[in-house]
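Dear colleague,

I am handing over the structure below, and after it you will find an account of what turned up when I went through it. Please keep the view open while you read.

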Amino acid sequence: RIVSILEQARGNVVRAVNTNMVLAYWLIGREIVEEIQRGKGRAKYGAKVIDDLSARLTERYGQGFSVANLQWFRKFYLAYHERITIPYPMGTESALLQIPRPTGTELSRAEKGFPADSHTSQGFSPQLSWSHYRALMRVENREARDFYEQEAAAGGWDKRTLERQIQSFYYERILKSRKPKKMLVEGRNLPVPVIPAADELKNPYVLEFLGLP
């Protein structure tokens with residue numbers, strides 16, 4: 001029982017870091033998009049905004065705020081600027097998962113103690129890390145991207161499992177399958193490696209976010 005307590009507590013720490021990192025990057029992306037939209041000659045002004053911001057943040061916080069990373073944050077906000085009802089592929093399930101739109105008002109408002117398969121009030125699953133969302137953003141089809149997000153959280157997929165499902169066209173195969181419910185159950189019960197909390201916190205993205213070497 002003590003082992004269970006410790007493992008759950010460590011998992012909560014990892015989820016708290018991931019949740020705050022994902023929300024922070026969404027908020028940064030929103031700031032960038034809104035600033036660029038207010039500027040004149042958006043294309044040229046946008047490049048200048050990102051270049052200047054990268055230089056200033058790098059000077060203050062070190063690694064993690066390159067121009068390329070800031071472009072990822074901008075892309076992240078554009079991909080998820082609204083949270084909508086995420087349905088299963090047509091004909092597979094009658095239930096819908098309602099994900100509320102992120103409010104983005106206060107980082108401190110992120111709620112604590114959510115069940116493993118729930119979403120925070122900001123609309124992002126505490127089960128999914130920034131690595132997951134980087135993989136998801138490579139999916140151009142919005143319905144497919146939303147589906148992979150939902151199934152990754154429900155199945156507890158690590159980033160590699162998520163990427164493998166995307167590369168094998170799991171969404172498209174379910175749409176064509178005669179037994180989509182069976183495929184969904186199988187997908188949610190895929191063997192996923194158990195990664196120690198310490199190793200998850202050593203992820204380069206996490207270290208950069210926390211300002212650790």
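**What was found**

Gly-64 lies in the loop between H2 and H3, and before going further I should say that this is a predicted model. With a relative accessible area of 9%, Gly-64 is buried, because the cut-off for that word is under 20%. Not counting residues up to four places away in sequence, Gly-64 touches Asn-69, Phe-73 and Glu-208, and its C-alpha atom is separated by 9.1 Å from that of Ser-54, ten residues apart from it along the chain.

Helix H3 follows, covering residues 67-79. At 1.5 Å a residue its 13 residues should span 18 Å, and the end C-alpha atoms are indeed 18 Å apart, so the expected and the computed span agree. The buried residues of H3 are Asn-69, Leu-70, Trp-72, Phe-73, Phe-76, Tyr-77 and Ala-79. What covers them includes helix H1 (2-38), helix H2 (42-61), helix H4 (130-136), helix H5 (142-155) and helix H10 (204-210).

One of the residues facing this region is Ile-28, which has its place in helix H1. Leaving aside neighbours within four places in sequence, Ile-28 is in contact with Phe-65, Leu-70 and Phe-73; Ile-28 and Leu-70 are 42 residues apart in sequence, yet their C-alpha atoms are 8.2 Å apart in space. Ile-28 itself has a relative accessible area of 23%, and is therefore partly exposed.

The aromatic rings deserve a paragraph of their own. The count comes to 18 aromatic pairs, and among them Phe-65 and Phe-73 form an edge-to-face pair, with 6.5 Å from centre to centre and 75 degrees between the planes. Both partners are buried, Phe-65 with a relative accessible area of 12% and Phe-73 with one of 1%. The rings of Phe-76 and Trp-130 have their centres 5.1 Å apart and their planes at 80 degrees, so this pair is edge-to-face as well. Because Phe-76 lies in helix H3 and Trp-130 in helix H4, the pair ties together parts that are 54 residues apart in sequence; Phe-76 and Trp-130 are both buried.

Ring pairs link these four residues into a cluster that also includes Tyr-25, Tyr-61, Tyr-80, Phe-124, Tyr-133 and Phe-209. Over the face of Tyr-80 lies Arg-145, at 5.6 Å from the ring centre. Trp-130, leaving aside its neighbours within four places in sequence, is in contact with Met-21, Val-22, Tyr-25, Trp-72, Phe-73, Phe-76, Met-137 and Tyr-205.

The largest nonpolar core has 43 residues, of which Phe-76, Tyr-80, Trp-130, Tyr-133, Tyr-148, Leu-162 and Tyr-170 touch the most other members. At least two residues of this core are supplied by each of H1, H2, H3, H4, H5, helix H6 (159-167), helix H7 (170-176) and helix H8 (180-188), while the largest share, ten residues, comes from H1.

Lastly, please look at Phe-169, which is found in the loop between H6 and H7. Its phi is near 55 degrees, a positive value in a residue other than glycine. Phe-169 is exposed, because its relative accessible area of 52% is over the 50% cut-off.

With kind regards

Technical notes:
Residues numbered from 1 in each chain as written. Predicted model: local features only at pLDDT ≥ 70, side-chain atom pairs only at ≥ 80, totals over all residues. Heavy atoms only, no water. Helix = DSSP H or I, 4+ residues; strand = E, 2+ residues; numbered from the N terminus. Expected span 1.5 Å × (residues − 1). Buried < 20%, exposed > 50% of the residue type's maximum accessible area, 1.4 Å probe, protein only. Contact = heavy atoms within 4.5 Å. Phe/Tyr/Trp six-rings, centres within 6.5 Å; stacked < 30°, edge-to-face > 60°. Lys NZ or Arg CZ within 6 Å of the ring centre and 35° of its normal. Core = buried A, V, L, I, M, F, W, Y, C linked by side-chain atoms within 4.5 Å.
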